[in-house]
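Subject: Handover of a structure and notes on its contents

Dear colleague,

Please find below the structure that I am passing on to you. My notes on what was found in it follow directly after.

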Amino acid sequence: RPRTALSRARFPMLDPKGAADDDVLDSARTNDTGDDSVDHRIKLCQIRFTSVHSEGELRDPARVAYVDIRATTEEEHEEVAKLPKRLAHVFDNVWQVDEYFGKPTVVMIVTGGAQDFKMLPRVQRVFDEGLRKAAQITNAWIFSGGSASGVMKKVGEALSKTPDVPCIGVPSFGNVVGREHILHKLKPLVEVVDGGEVNTTEYVHTENDNSREAAALQPNHSHFVVVDSGKVGREAWGTEIEFGLQVQLAYCAHENLPAVLLVVQGGPNTLATVVKAVAQGVPVVVIRDSLGAASAIGDFLTRTDAQQDEIGKAERAYGGAKEAFREAEESKNSVPPGDKHAKAAALAALRKAKQQLQRAEDELSDLERKLLKSDEKGLFTGVNSLRHLRHIRERQKSIELFALAEDSTADISESILAAVTKWPQLEKEQERLLELAIVWDNLPMVGKVLAGDFRSDGGPEAKKLQAGGGEGGGE
């Protein structure tokens, strides 16, 4: 994998004509010619972290793209919808990330808790070494929230000894400590594309400046996409998550790459992220003993046979009640106009069906809450969280559970690689999977692919989670 020192004062540029000749890139990108209706929402600068950039170092400043996603009109929402694909163009043709770090074979997205949490030294070592190993084996690009707090901080620290792995942070601009210094140095994308110099700002803030309102940027990230929703402080937390996922998946589509989501700790927003990811076919690795949302997912998916039998009955009752409610709605909507008697009967039937549905969900929820440990019940036993957990369980074949503390010799990189093979496109393209196994220099995987063992219902780790739970429901 070729590596190039990052020492230029301005962003490198590719010949735009060369990119325009590629039909594949044309279909994946929007407004590559610099349509102002989108490009005015993207501005660039560089950050030099005083905490890690000494005068004698050759390390380059981090690249920053500020993205304005504020929208009220339909036209503005359409503009924002184009931004993820446009940023894929920025990664390749403006920042040239692949030129410096090599083409990735996978995109790893790390999500989880924004609050600081401690890992035992042994557990921290397993996490750091596994993340570095997986990133280097696959030549991955790693995305995180980019802040010097929580899991984002740990990701940056884990990669601090691996400068050949790009780490791209996607924080909310309204929660960035010192954002005013960044704002004053930003230059519109169109000016940079036209050859303009990119401004550099010194960033003096560290995790010591963190508060409930904002957090400093993590200095070991190589790039940042800061997302401005117009909100600041506590209201801004989490406003970048959905857009960030769209940016990450847009790049995967742009390059035809698999993605994998790594979940460490986290709160209710993390559950929502996992639901959105698995709904789009992204496989997930859950660090089930990191507490928070990750532990809730692990506990929710791990069931004894007796628990599954009892919950299974409640699930079937709930499913029947949902179907009855749907039929009652259809009956109400099909009542002829002016038939007051039929309308009253239909409304009465709908109310009854709704009450039965509520009772069925309450009974199911009571049983599901018993799966969760006491320290998880405060955050994850609400209606929305339980519904998210159900959605995740419906797609549990996409989930790999990993426990850091169970065995100090455990290798998280193996779970990450196993999860990557569950990317839907790879399951359909055995030749592509074989190519990746060879590139990753993973001889056991090569053998399994050739033997036809990598299938959605029979590949490595695939039977850790089965619909019936039991001994197949956990590690």
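To begin with one pair of helices, helix 13 passes helix 14 in a left-handed crossing. Please bear in mind throughout that this is a predicted model. Helix 13 covers residues 305-333 and helix 14 covers residues 340-369; the two pack at an angle of about 160°, and their axes lie 8 Å apart. Because angles over 145 degrees count as roughly antiparallel, helix 13 is roughly antiparallel to helix 14. Sorted by class, the residues in the contact of helix 13 with helix 14 comprise 17 nonpolar, two polar and seven charged.

The chain as a whole

The protein chain holds 20 helices and eleven strands. It has 475 residues, of which 53% count as buried. Among contacts in the chain with a separation of 6 or more, 78% come from residues 24 or more positions apart.

Further helix contacts

Helix 14 also meets helix 16, which spans residues 383-394. The axes of these two helices come within 11 Å and cross at roughly 80°. Since 65 to 115 degrees counts as roughly perpendicular, helix 14 is roughly perpendicular to helix 16. On the side of helix 14, the contact is made by Glu361, Leu364, Ser365, Glu368 and Arg369. Helix 16 contributes Val383, Leu386, Arg387 and Arg390. By class, this contact of helix 14 with helix 16 has five charged, three nonpolar and one polar residue.

Another pair consists of helix 6 (residues 121-138) and helix 17 (residues 412-420), which pack at an angle of about 45° with their axes 7 Å apart. That angle makes helix 6 oblique to helix 17. The crossing of helix 6 past helix 17 is right-handed. From helix 6, the residues in contact are Val126, Phe127, Gly130, Leu131, Lys133, Ala134 and Thr138. From helix 17, they are Ile412, Ser413, Ile416 and Leu417. The residues of the contact of helix 6 with helix 17 divide into seven nonpolar, three polar and one charged.

One residue of helix 6 deserves a separate note, namely Thr138. Its relative accessibility is 2%, so Thr138 counts as buried. Leaving aside residues up to four places away in sequence, Thr138 touches Pro104, Thr105, Val106, Leu417 and Trp440.

Aromatic pairs

The count of aromatic pairs comes to eight. In one of them, the ring centres of Phe49 and Tyr203 are 5.4 Å apart and the ring planes stand at 70°, so the pair is edge-to-face. Phe49 belongs to strand 1 (residues 42-49) and Tyr203 to strand 7 (residues 200-203), and the pair links distant parts of the chain, 154 residues apart. Phe49 and Tyr203 are both buried.

A further aromatic pair, Phe91 with Trp95, is stacked, with 5.7 Å from centre to centre and 20° between the planes. Phe91 and Trp95 are both buried. Ring pairs also join Phe91, Trp95, Trp141, Phe143 and Tyr251 into a cluster.

Residues in loops

Which sign does phi take in most residues other than glycine? In most such residues phi is negative. Two asparagines in this model have a positive value, and each is described below.

Asn139 is not a glycine, yet its phi is positive at about 50°. Asn139 lies in the loop between helix 6 and strand 4 (141-144). With 6% relative accessibility, Asn139 counts as buried.

Asn256 likewise has a positive phi, near 55°. Asn256 is placed in the loop between helix 10 (241-255) and strand 9 (259-264). Its relative accessible area is 44%, so Asn256 is partly exposed.

The last residue in these notes is Asp209, found in the loop between strand 7 and strand 8 (223-228). Asp209 has a relative accessible area of 37% and is therefore partly exposed. The C-alpha atom of Asp209 is separated by 7.3 Å from that of Val177, and these two residues are 32 residues apart along the chain.

With kind regards

Conventions
Residues are numbered from 1 along each chain as its sequence is written. This is a predicted model: local features need pLDDT of at least 70, side-chain atom pairs count only at pLDDT 80 or more; totals for chains, interfaces and linings use all residues. Side-chain values use heavy atoms; hydrogens and water are left out. Axes are lines fitted to C-alpha atoms, for helices over the stretch in contact, and angles run from 0 to 180 degrees between N-to-C directions. Helices (H or I, at least four residues) and strands (E, at least two) are DSSP runs, numbered from the N terminus. Angles under 35 degrees count as roughly parallel, over 145 as roughly antiparallel, 65 to 115 as roughly perpendicular and the rest as oblique. A crossing is left-handed if the near helix is turned anticlockwise from the far one by less than a right angle, and right-handed if clockwise. Contact means heavy atoms within 4.5 Å. Ala, Val, Leu, Ile, Met, Phe, Trp, Tyr, Cys and Pro count as nonpolar, Asp, Glu, Lys and Arg as charged, and the others, Gly among them, as polar. Rings of Phe, Tyr and Trp (its six-membered ring) pair if their centres lie within 6.5 Å; planes under 30 degrees apart count as stacked, over 60 as edge-to-face and the rest as tilted. Buried means under 20% relative accessible area, exposed over 50%, partly exposed in between (1.4 Å probe, protein chains only).
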